[in-house]
Amino acid sequence: MTEIIFLGTSKAVPNLEHQNSHFVVKSNEGVILVDCGVNPLVRLKLMGIDPHDVTDLFVTHFHPDHVSDLPLFLMNLWLEGREKTLEIYGLQEVINKVEALLEIYDWESWEGFYPVNFHGLPQEEMMPCIESESIQVWASVSCHSVPSIGIRMVFPEGSLCYSSDTSPCEAIVRLAKNVDLLIHEATDENGHGHSTPEQAGQVATDAGVQSLTLIHYDPYADLESLKKRAEKTFDGNIVVALDLMTVTFT
Ligand SMILES: [Zn+2]
């Protein structure tokens with residue numbers, strides 16, 4: 001069984017019901033966390049996930065709403081006695097900034113800190129990131145205001161693609177080709193490295209996906225109208241992600 005748990009769904013400015021966008025994918029082998037703009041510790045525990053089970057962390061890009069709580073999350077794991085290695089993935093220039101951010105906090109002086117492996121990716125398409133028995137993960141550079149990656153995951157029960165922040169992007173259409181679930185941003189700021197719900201629907205159609213989940217939207221927007229707008233360009237099942245929503249692949 002593979003589960004996707006949405007821990008936050010908002011665009012950069014969150015509200016009471018919607019934290020900044022981040023989610024986990026829980027498989028038999030471990031938990032992959034995607035983005036860390038908000039410390040996920042409390043919500044992981046709320047959803048019954050041991051934060052120490054997080055094996056891998058993808059940082060899609062270096063905007064504060066996607067990365068700013070990473071040092072706190074890593075520190076929390078250390079304070080709670082983590083011993084096992086954490087793998088962190090991102091574009092090489094993002095990894096450089098993540099390391100610089102941790103150095104500001106003098107993390108090398110945190111005694112007995114668990115091992116962290118950084119995986120700096122080149123700015124390419126379909127970069128292989130994880131290849132294990134229960135999950136395979138690839139990344140492609142999306143079309144955002146700073147270098148950002150979308151992620152494709154294939155597991156025994158299905159497949160998904162996450163667009164990350166992006167305007168409508170051919171590389172994301174290719175990355176999402178024929179997946180069961182496309183999780184696409186719907187910031188609704190056309191022309192600023194973001195997408196409207198209609199554009200997210202069009203990417204879903206072009207990629208031939210089964211279903212579309214909208215994320216990274218204005219938390220004050222009328223969610224039913226976001227869905228209706230995506231329906232103009234995509235015939236499949238559409239869901240607007242909510243915080244703490246779980247999708248199970250069986
Ligand atoms: Zn961004």
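## Two non-glycine residues with positive phi

At 2% relative accessibility, H216 counts as buried, because the cut-off for a buried residue is under 20%. H216 is placed in the loop between β12 (211-215) and α7. Its phi is near 55 degrees, a positive value in a residue other than glycine. The model described here is a predicted one.

D35 also has a positive phi, of about 75 degrees, although D35 is not a glycine. The loop between β3 and α1 holds D35. With a relative accessibility of 0%, D35 counts as buried.

## The seven-stranded sheet

An open sheet is formed by 7 strands, and its pairing is mixed. The order of the strands is β6-β5-β4-β3-β2-β1-β14. The edges are taken by β6 (116-121) and β14 (246-249); each has a single partner strand, so one side of each is left without a neighbour in the sheet. From one strand to the next, the twist averages 15 degrees.

At the β14 end of this order, strand β1 (residues 2-8) is joined to β14 by 4 bridges. β1 and β14 run antiparallel. Within this pairing, I5 stands opposite T246 in β14.

## Helix α3 across the sheet

Helix α3 (residues 70-79) lies across four strands: β3 (31-34), β4 (54-58), β5 (86-91) and β6. Relative to β4, helix α3 runs at about 170 degrees. An angle over 145 degrees counts as roughly antiparallel, so α3 and β4 are roughly antiparallel in direction.

Which residues of α3 are buried? They are L70, P71, F73, L74, N76 and L77. Residues three or four places apart in an α-helix point the same way, because there are 3.6 residues a turn. In this helix, L70, F73, L74 and L77 are among the buried positions. After α3 comes G81, with a positive phi near 90 degrees.

## Strand β10 and its partners

Strand β10 (residues 158-162) is mostly covered, and 5 of its 5 residues are buried. In a regular strand the side chains alternate between the two faces of the sheet. From β10, G158, L160 and Y162 point one way, while S159 and C161 point the other way. Residues of both groups are buried.

What joins β10 to β9 and to β11? Strand β9 (residues 149-155) is joined to β10 by 5 bridges, and these two strands run antiparallel. β9 and β10 form a hairpin, with 2 residues between them. M153 stands opposite L160 in β10. Between β10 and strand β11 (residues 181-185) there are 3 bridges, and here the strands run parallel. In that pairing C161 stands opposite L182 in β11. L160 and C161, which take part in these two facing pairs, point opposite ways from β10.

## The α6–α7 contact

How do helices α6 and α7 cross? The axes of helix α6 (residues 197-207) and helix α7 (residues 223-231) come within 7 Å, and the crossing angle is roughly 45 degrees. The two helices are therefore oblique to each other. α6 passes α7 in a right-handed crossing. On the α6 side the contact is made by P197, E198 and G201, and on the α7 side by L226, R229 and A230. By residue type, the contact divides into 3 nonpolar, 1 polar and 2 charged.

T196 is placed in the loop between β11 and α6. At 10% relative accessibility, T196 counts as buried. Leaving aside neighbours within four places in sequence, T196 is in contact with D188, N190 and R229. R229 is also one of the α7 residues in the contact with α6.

## K45 in helix α1

K45 is found in helix α1 (residues 41-46). Is K45 buried or exposed? K45 is partly exposed, with a relative accessible area of 42%, because that class lies between the cut-offs of under 20% for buried and over 50% for exposed.

Not counting residues up to four places away in sequence, K45 touches P51 and E80. The C-alpha atoms of K45 and V209 are separated by 32 Å, and the two residues are 164 residues apart along the chain.

Note on methods: Residues are numbered from 1 along each chain as its sequence is written. This is a predicted model: local features need pLDDT of at least 70, side-chain atom pairs count only at pLDDT 80 or more; totals for chains, interfaces and linings use all residues. Side-chain values use heavy atoms; hydrogens and water are left out. Two strands pair if DSSP finds at least two bridges between them. Axes are lines fitted to C-alpha atoms, for helices over the stretch in contact, and angles run from 0 to 180 degrees between N-to-C directions. Contact means heavy atoms within 4.5 Å. Buried means under 20% relative accessible area, exposed over 50%, partly exposed in between (1.4 Å probe, protein chains only). Angles under 35 degrees count as roughly parallel, over 145 as roughly antiparallel, 65 to 115 as roughly perpendicular and the rest as oblique. A crossing is left-handed if the near helix is turned anticlockwise from the far one by less than a right angle, and right-handed if clockwise. Ala, Val, Leu, Ile, Met, Phe, Trp, Tyr, Cys and Pro count as nonpolar, Asp, Glu, Lys and Arg as charged, and the others, Gly among them, as polar.
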